[in-house]
Amino acid sequence: MDMHNARDTGAARVEDPWYDALASGWGEPDDTDGAARRARPPAAREVYTEVHGSAAFQEVRRRYRRFVFPAAAAFLLWYLAYVVAATTAPGLMARPVVGTLNVAMVAGLGQFATTFLLAWAYARHARLRRDRVALELRWVTQEMMRGRGR
């Protein structure tokens, strides 16, 4: 029983962030027995151009932009409001809220809280709105690189 190991042939690069043992062709026939050969796979540039122009890829980009740009703008405005208030209204920022805790400290802690909230919201949005389509694109791209898809 001859086991085909992609690491021995150099066919798979483990340092590749898109590498996945299940998507790399392991467990599939390797066509080394002289059977009918597939056409030569297209160059990476051709595959990239085709995928980049696809409706699915454009949809992933559109969903990404619809979340990231407003979220980044809102967070930047919140941060700048904190900085401007700290420099232009020191009396307001020094106003006590509870004991020695003042408005500036509450707003500063709010900056940390919104950072974590934004990271959670981004991960949730990616999981629910983009990951499935992106994974399907990845499979299509892998098949195209092997010369099987289109």
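A nonpolar patch is made of residues with over 30% relative accessible area and no salt bridge, whose nonpolar side chains are joined within 5 Å. Keep that in mind as we tour this predicted model.

**Stop 1: the surface patch**

Select V97, V98, L101, M105, V106, L109, F112 and F116 and show them as sticks. Together they form a nonpolar patch on the surface, with about 800 Å² of accessible area. Which element gives the largest share of the patch? Colour α5 and you will find out: five residues come from α5. Strand β1 (96-98) also supplies at least two residues, as α5 does.

Now click on L101, which lies in strand β2, residues 101-102. Is L101 buried or partly exposed? L101 counts as partly exposed because its relative accessibility is 31%.

**Stop 2: two segments from a record**

Next, select residues 67-89 and then 101-123. An unreviewed UniProt entry lists both under "transmembrane region". In the model, residues 67-89 are 96% helix and 0% strand, with the end C-alpha atoms 32 Å apart. Residues 101-123 are 91% helix and 9% strand, and here the end C-alpha atoms are 32 Å apart.

**Stop 3: the nonpolar core**

Hide the patch and select V47, V51, V60, V133, L137 and M144. These six residues make up the largest nonpolar core. Helices α2 (44-52) and α5 (103-145) each supply at least two residues of this core. The largest share, three residues, comes from α5.

**Stop 4: the salt bridges**

How many salt bridges should you look for? The count comes to three.

Start at E59. The side chains of E59 and R62 meet in a salt bridge, at 2.5 Å from N to O. Both residues lie in helix α3 (residues 55-88), three residues apart, about one turn of the helix. E59 also forms a salt bridge with R63, where the closest N and O atoms are 2.8 Å apart. E59 and R63 are four residues apart in helix α3, so about one helical turn separates them.

Check how open each of these residues is. E59 is partly exposed, with a relative accessible area of 23%. R62 counts as partly exposed at 36% relative accessibility, and R63 counts as partly exposed at 26%. Salt bridges that share partners join E59, R62 and R63 into one network.

For the last selection, pick E143 and R146. Their side chains meet in a salt bridge at 2.9 Å, N to O. R146 is buried, because its relative accessible area is 16% and buried means under 20%.

Methods: Residues numbered from 1 in each chain as written. Predicted model: local features only at pLDDT ≥ 70, side-chain atom pairs only at ≥ 80, totals over all residues. Heavy atoms only, no water. UniProt positions renumbered as here; feature names shortened; annotations may be inferred. Core = buried A, V, L, I, M, F, W, Y, C linked by side-chain atoms within 4.5 Å. Buried < 20%, exposed > 50% of the residue type's maximum accessible area, 1.4 Å probe, protein only. Patch = residues over 30% accessible without salt bridge, like charges linked within 9 Å, V, L, I, M, F, W, Y side chains within 5 Å. Areas by Shrake-Rupley, 256 points an atom, 1.4 Å probe, with all protein chains shown as cover. Salt bridge = Lys/Arg side-chain N within 4 Å of Asp/Glu carboxyl O.
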